[in-house]
Structures are given as structure tokens and as C-alpha cells.
Amino acid sequence: MKIQLREFDVLKSTNETAVAMAQEGAPEGTVIVAARQEGGHGRMQRVWNSPLGGLWFTVILRPQIDPQYAAQITLLAGVAVAKAVRRLYDTESVQIKWPNDLLLDGKKICGILSELQLDENGVIDYAIVGIGVNVALSAADFPAEVAATATSLNTSLHKDFTCDQVLVAIMEDFGILYDKWLLLGADVVMKEWQKLNCTVGKHVLVKDNDQVVFAGTVIDVDEEGAIIVHNEQGIVQSFNFGEISIR
Ligand code: BTN
């Protein structure tokens, strides 16, 4: 993947700028980075706090694949960020919580928000992958509601990397993994995802818009990125939406 970096001091949301640029024909590999976002958003229409000191960026992709496999892009991004951060920070404590949270010792250090646009024939026009990494935030930068569950890489790991250094490391892994995925398919991503995940085997609550819809043990993650959960009554269900809390 050939990367073209577009850097901004401030944007409302790098995802929104990426959508606008993709609609205007920006090529695959365009990476939009903002030093801060004034209207960053997360999953489930949540506000994503994005002050200076964090890495806020979005990658535009145009994969020529069956849209049913597009959910793998989010898993792929999680693997790329986890591998890059592990290498750069020399730590094995970073893990992936389904579907797309990266945790360091159980606390969130990165969130990923992807969007897919199909054309009128149902073919992928573009996918955007928005990635937010807490690189050099201080405790005071986190809003009260996430202060207990989120942390920042430099603070927790006693390092002093810049957002640019983290971006370069992530895009190196992202590019390699994306090219392999296009060439070889899901296996390459899923094998790495399984090694990095902290979800399989855990007892979880599956939530949709903050409502619990199922409780059970995660037994696997399938090729399309859905978790397969088994409850005490022996019912097995798969979920390709929502989020989980680990009990
Ligand atoms: C989540 O965990 O809820 C996903 C958070 C995704 C945040 C990133 S920051 C860069 C990009 N721009 C946004 O507005 N959101 C994503």
C-alpha cells in the first residue's frame, strides 16, 4: 500500500474528512491525521475525546473484495496497532478486546471506528478506518466517565514516543498486513488476531446500545469477525454488532 499523508492541526473528525476526501476520489492509502479533533466520535454515537497528545487518524482503503468480508478490516487494524505498539514500546501487555478495543493491562489505549461505502451495484466504493491512540495524554485529559477504564501509552509504559513515531510504526504494520490480507485472505489476519485477543474463553455480557442482549462465554471469533458466544442453557449465538463487557 502506498501511503499519502495529509496532516492537519485541527479537524472536526478525521473520519468525516476521510469520507469527504474518499467521495472526491482520494486514493487508497490516503491517511488523514489531526493533532486534535473538535468533534471526534466513537462507536455507538459516543463522543471521542481528542485533545493534543493523542494520535487521531483515518486511513482510506478501496479493497476489491466481497463486502461480506469487510468487517475483517477492523480486526486487521486492531492487529496492526497491537503489533506496532508491542514492538515500539517493547511490551507484550497490549491485547485486543473484541471487536476493536486495544487494552493495556485491561485499560483502553486505542479505539477503532470503520465505515464502509458501497456503490449502487453493491460493490465496495471505499472503506475508512479511523484509529484513535492515547499516546501522550495525562490523567487530566480523560473525561470522568472513562478515567478509570482508559490509559495512555507513554504514561503507563514510561516512554516518551511522539504521535508521529507511533503513526509510522502502525502504518508499517498496517501496510504489510493489508497487502497480505488482499493476497492471501482472512487466515493471515485471524491467526494473528487470535494470538493477540483477550476475549475468547471469557465470560461476557454482549451489549447493543448499552442494553445487555446476551450473556455467556466467548468460544470463538469467526471469519467474518463475529464472536460466537455460548450461554449456560447451551444456546450458541454469534454477534457481529455491539460490544462486550468482560466479567
Ligand atoms: C471507539 O472505541 O469507540 C472508536 C473510537 C475511534 C476514534 C477515532 S480517532 C480518529 C477517528 N476520527 C473519529 O472521529 N473517530 C476515529
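This is a short walk through a predicted model of a protein with its ligand, beginning at the ligand and moving outward to some loops and buried spots.

Let's start with where the ligand is. It sits in the largest pocket. The elements that give two or more residues to the shell around the ligand are α1 (14–23), β3 (55–61), β6 (107–118) and β7 (124–133), so you may like to colour these before reading on. Strand β6 gives the most to that shell, with four residues.

Now for the residues themselves. There are 19 residues around the ligand, and S13, Q37, H41, R43 and K108 come nearest. What is the chemical make-up of this shell? Its residues divide into eleven polar, five nonpolar and three charged.

Three of those nearest residues are worth a closer look for their polar atoms. The side chain of Q37 has an N or O atom 2.9 Å from a nitrogen atom of the ligand. K108 also uses its side chain: one of its polar side-chain atoms lies 2.6 Å from an oxygen atom of the ligand. With R43, look at the backbone instead, where an N or O atom lies 2.7 Å from an oxygen atom of the ligand. How much of the ligand does the protein cover? On its own the ligand has 410 Å² of accessible area, and the protein covers 98% of it.

Stay with Q37 for a moment, and place it in the fold. Q37 is found in strand β2, which spans residues 30–37. Is Q37 buried or exposed? Its relative accessibility is 12%, and because buried means under 20%, Q37 counts as buried. Along the sequence Q37 and V10 are 27 residues apart, yet their C-alpha atoms are 5.6 Å apart in space.

Another buried residue to visit is L153. It is found in helix α3, residues 153–157. The relative accessible area of L153 is 0%, so this residue is buried. L153 and V133 are 20 residues apart in sequence, and from C-alpha to C-alpha the distance is 8.3 Å.

For a contrast in spacing, turn to T162, in the loop between α3 and α4 (163–184). T162 and T199 are 37 residues apart along the chain, and 30 Å separates their C-alpha atoms. T162 has a relative accessibility of 41%, so it counts as partly exposed, a class that runs between the 20% and 50% limits.

Finally, a few backbone details are worth checking in your viewer. W98 and P99 are joined by a cis peptide bond, with omega at about -5 degrees. P99 lies in the loop between β4 (94–97) and β5 (101–104).

Further along, D105 lies in the loop between β5 and β6. Its phi is near 45 degrees, a positive value in a residue other than glycine. D105 has a relative accessible area of 64%, so it is exposed.

D210 also has a positive phi, about 70 degrees, although it is not a glycine. You will find D210 in the loop between β8 (203–208) and β9 (211–221). At 54% relative accessible area, D210 is exposed, because exposed means over 50%.

Terms used: Residues are numbered from 1 along each chain as its sequence is written. This is a predicted model: local features need pLDDT of at least 70, side-chain atom pairs count only at pLDDT 80 or more; totals for chains, interfaces and linings use all residues. Side-chain values use heavy atoms; hydrogens and water are left out. A residue is near a molecule or strand if one of its heavy atoms lies within 4 Å of it. A polar contact is a pair of N or O atoms within 3.5 Å; within protein, one must be able to donate a hydrogen and the other to accept it, and residues adjacent in sequence count only if both atoms are side-chain atoms. Accessible areas come from the Shrake-Rupley method with a 1.4 Å probe; for residues, only the protein chains shown count as cover. On a 1 Å grid over the protein atoms alone, a cavity is a set of points where a 1.4 Å probe fits but cannot get out, and a pocket is an open set with protein on both sides within 12 Å along at least five of seven lines; lining residues have an atom within 4 Å of a point. A molecule sits in a cavity or pocket if more than half of its atoms lie within 2 Å of its grid points. Ala, Val, Leu, Ile, Met, Phe, Trp, Tyr, Cys and Pro count as nonpolar, Asp, Glu, Lys and Arg as charged, and the others, Gly among them, as polar. Buried means under 20% relative accessible area, exposed over 50%, partly exposed in between (1.4 Å probe, protein chains only).
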